[in-house]
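Please look over the sequence and the three-dimensional structure shown here before reading on. The report is meant to be read with both at hand.

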Amino acid sequence: MNLTEAQKAKVEDLLSQMTLEEKIGQMNLESPSIVGGFEVPFEELIEMMTDGRISQEEFQKILATSEQDFHEDDIRAGKVGAMMVNDPRKNNELQKIAVEESRLGIPLIVGFDVIHGFRSVYPIAIAEAGSFDENLFERTAKMAAKEARAYGINWTFAPMIDVARDSRWGRVSEGPGEDPYLGSCFARKKIQGLQNNQESVEDYVAACVKHYVAYGACESGRDYNTTSMSISQLHNVYLPTFKAAVEEGAATAMASFNDLNGVPCTVNEYTLRQVLKDGYGLDGFVVSDANGIKECVAHGIAEDEKDAGRQAVNAGLDMDMGTNIYSKNLEQLIKEGKVSMDTVDEAVRRILSVKVWLGLFENPYVPDEVIEQYEKALPEEHVATTLEAAKKSIVLLKNEKNILPLNRNLKISLVGTLAAEKAEVCGAWAMAFNQADCVSVLEGLQNSGADVKYYPCGGPEGAINEEEIEQACLEGDVIIAVVGETAGMSGEASSKADTTLPGEQRQLLEKLLEFRKPLVTVLMNGRPLALGWEAEHLPVIVEGWHLGIQAGNALASVLFGETNPSAKLSASFPSVTGQCPIYYNHPSTGRPGSKSKFTSRYLDAPFDALYPFGYGLSYTTYEYENLHVEEKAEELEVTVQVKNTGDREGIEIVQLYMQDVTASLVRPVKELKGFARVELKPGQEEIVVLHLAKQDMGFYNNQAEYVLEDGKFRIYAGGNSRDCLCEEVNVKF
């Protein structure tokens, strides 16, 4: 985010004219208050919808029938700097008050959760990251920015770039998986897509990277829980995605709920000031997560809300989401000398800088013709992009006897309640989609011309129907079972102690197997599930995630072979929940897990992942040969020969890993350091060249210093993190 000298001067001019009350107002983020018979904050209402306490239809009904206070008088008085509203005409109304009726005419910044698309919902991040397609990451973000801006939303609480290694945590669905390198690639491209298309103010928004920081390491996978780790682990694993995003120009960041080594991130001066602002160079502002400042009292680090506000603003938290603690307490804290005017001025300067950069002073409103365009229908090119993203995010986990792809002439019995649920395809934190835009699995198969008949049979909730199961198996040549999680079973506040298939879905699959018909299992889920039983007993498993509005069409394309699946897993899948957290890039141990008893293993479960990071099958096969590593002045040049040994054209994701064999700190057994998407025709072979910069071969020590150490390294290349060729090299820096 770079401001011109004229823009910087505008910020300083505004700041010089502002009263203290107006400055504090800029630090206040409000959302509509629901008044009348349903008195809860708007953000809590959103949470109730996302965790399943109310349906999306009930949510919309409440908004339509309840009286809402949009804080017009406070906006007019300059007491509100930001709003959370998902209504383009209302946003124009509120902007008009801010621009034309407040003393200084400072426009609002309008924020909203646009995690994986606005109306054109594309796959959840853990799925999209598995495409390993950086161009796609950028294009889907561009699409989301354009649609959000058309609704008057100029600030998106995205991308969510928490590294997460424990699938018990529901919010694994929102982020790019377990790997810092892939997560950093994802973060950079999302920032580019959201922010870089600045030819028109209608095409870019301010990104807000979240949740800063180490939220994905919450203990036991339980949301909002504590995190504790060494400084080296923090800098090597959980900070790199944020560093990448800020270096790419991310405009804002959101502090996470959790405490980190005993200090809540909302009031953590080390992470907010020393690392994020002074170290990485964040130019914009930091906002709390919903009610984050208030929760510092519950954490036990602040004696009351006023004390929490003091700690937060002094630590570098610039904007308060949803508590009014700054509005109520900052003026008094300044009078008492507990907060300096310089601290407040810095926060306001950052907030105004983002507003100026967004062009809000020149273009505060959304033109009627833009609003009307998106009210009519989604642009065809956006629908096409969501379909492409969904196809590229589907992972083939198992395909015994080449049951897939299916013959279109077969009679298909489609079972599972999820198969017909349009609203479930979008997953967690999809808050603006129109159900009419969604394509269920049933509709996707019908659209493809398949001979398909649907039998609900059972799903994540409720009992199975054995009569329907028998009918489905007797009438169909092949059975497609869609099983998994509802959207509300993953995402925020959806941690699970048991990550096996919920409800009676395993019993459903057992019953289907009894009829000895070809069985294709399609998963629809937001987290890596514990699939030990399924991997042992089911012949075909397709990881279909929550793929967005085009899920049904994408899955049909893969099931019938029009699309050859190419995605890989961005997170490891356990056999049983008790293996969590499980991740490929774990530190080396003195007694690596093996069949021998006195090693790092379980008595009752495998010690490694069922399906590791980077894993994914295809309708063709690939062979790797002739790995060669050549050391050059500034890099290692890695070449490997990859051949398509099957009879179909396909795309293989070639992955480059590294191990620092001997170092001053224990290092991971493997670390992803590069990848390439390679398209190969049947029988075609290609020498793939990957580059590993020497600068990227180091690590952070426990003094947060980045070090490069001479020594032995193992370089790996392969189709997943487990099955790789290896060559050892000695490197000097």
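The sections below take up confidence, nonpolar cores, one enclosed helix, aromatic contacts, backbone features and an annotated span.

## Confidence of the model

This is a predicted model, and the mean pLDDT of the protein is 96, with 98% of its residues reaching 70 or more. Confidence is lowest in helix H3 (residues 42-50), where the mean is 69, and highest in E18, where it is 99.

## Nonpolar cores

The largest nonpolar core has 98 residues, and those with the most contacts inside it are Met 27, Leu 29, Trp 155 and Val 287. Helix H16 (residues 341-357) gives the most to this core, contributing eight residues. A second core, separate from this one, has 82 residues and includes Tyr 215, Leu 442, Leu 501 and Tyr 619. In soluble globular proteins, nonpolar side chains tend to be buried together.

The surroundings of Met 27 can be followed residue by residue. When neighbours within four places in sequence are left aside, Met 27 is in contact with Val 313, Asp 318, Met 319, Asp 320, Tyr 326, Leu 330, Val 344, Ala 347, Val 348 and Ile 351.

## The enclosed helix H23

Helix H23 (residues 551-559) is largely enclosed by the rest of the structure, because eight of its nine residues are buried. These buried residues are Ala 551, Gly 552, Ala 554, Leu 555, Ala 556, Ser 557, Val 558 and Leu 559. They pack against two helices, H18 (380-392) and H19 (441-447), and against the strands E16 (478-484), E17 (519-524) and E18 (540-543).

The backbone on either side of H23 also deserves attention. In the loop between E18 and H23 lies Trp 545, a residue other than glycine whose phi is nonetheless positive, near 45°. With a relative accessible area of 3%, Trp 545 is buried. Just after H23, Gly 561 takes a positive phi of about 85°.

## Aromatic pairs and charges over rings

A search of the whole structure finds 19 aromatic pairs. One of them joins Phe 713 and Phe 733 in an edge-to-face arrangement, with 6.0 Å from centre to centre and 80° between the planes. Phe 713 lies in strand E26 (residues 711-718) and Phe 733 in the segment after strand E27 (724-731), so the pair ties together parts that are 20 residues apart in sequence. Phe 713 counts as buried, at 0% relative accessibility, whereas Phe 733, at 35%, counts as partly exposed.

Elsewhere, Phe 132, Tyr 181, Tyr 584, Phe 613, Tyr 657 and Phe 675 form one aromatic cluster. Charged side chains are also found over rings: the charged end of Lys 90 sits over the ring of Phe 70, 4.5 Å from its centre, and Arg 165 lies over the face of Tyr 583, at 3.8 Å from the ring centre.

## Cis peptide bonds and a positive phi

Which residues does the cis peptide bond with omega of about 5° join? This bond joins Ala 158 and Pro 159, and Pro 159 is placed in the loop between strand E6 (155-156) and H9. The peptide bond from Lys 210 to His 211 is cis as well, with omega near 0°, and His 211 lies in strand E7 (residues 206-212).

Arg 516, although not a glycine, has a positive phi of about 55°. This arginine is in the loop between helix H21 (505-514) and E17, and its relative accessible area of 76% makes Arg 516 exposed.

## Ser 184 in helix H9

Ser 184 lies in helix H9 (residues 180-195) and, at 8% relative accessibility, counts as buried. Not counting residues up to four places away in sequence, Ser 184 touches Pro 240, Thr 241 and Ala 244.

## The annotated span

An unreviewed UniProt entry places the feature "domain: Fibronectin type III-like" at residues 652-721. In the model, this span is 0% helix and 57% strand, and the end C-alpha atoms of residues 652-721 lie 14 Å apart.

How values were computed: Residues are numbered from 1 along each chain as its sequence is written. Side-chain values use heavy atoms; hydrogens and water are left out. Rings of Phe, Tyr and Trp (its six-membered ring) pair if their centres lie within 6.5 Å; planes under 30 degrees apart count as stacked, over 60 as edge-to-face and the rest as tilted. Helices (H or I, at least four residues) and strands (E, at least two) are DSSP runs, numbered from the N terminus. Buried means under 20% relative accessible area, exposed over 50%, partly exposed in between (1.4 Å probe, protein chains only). A charge sits over a ring if NZ of Lys or CZ of Arg is within 6 Å of the ring centre and within 35 degrees of the ring normal. Contact means heavy atoms within 4.5 Å. UniProt positions are given in the numbering used here, feature names are shortened, and annotations may be inferred rather than shown by experiment. pLDDT is the predictor's confidence in each residue, from 0 to 100. A nonpolar core is a set of buried Ala, Val, Leu, Ile, Met, Phe, Trp, Tyr and Cys residues joined through side-chain atoms within 4.5 Å.
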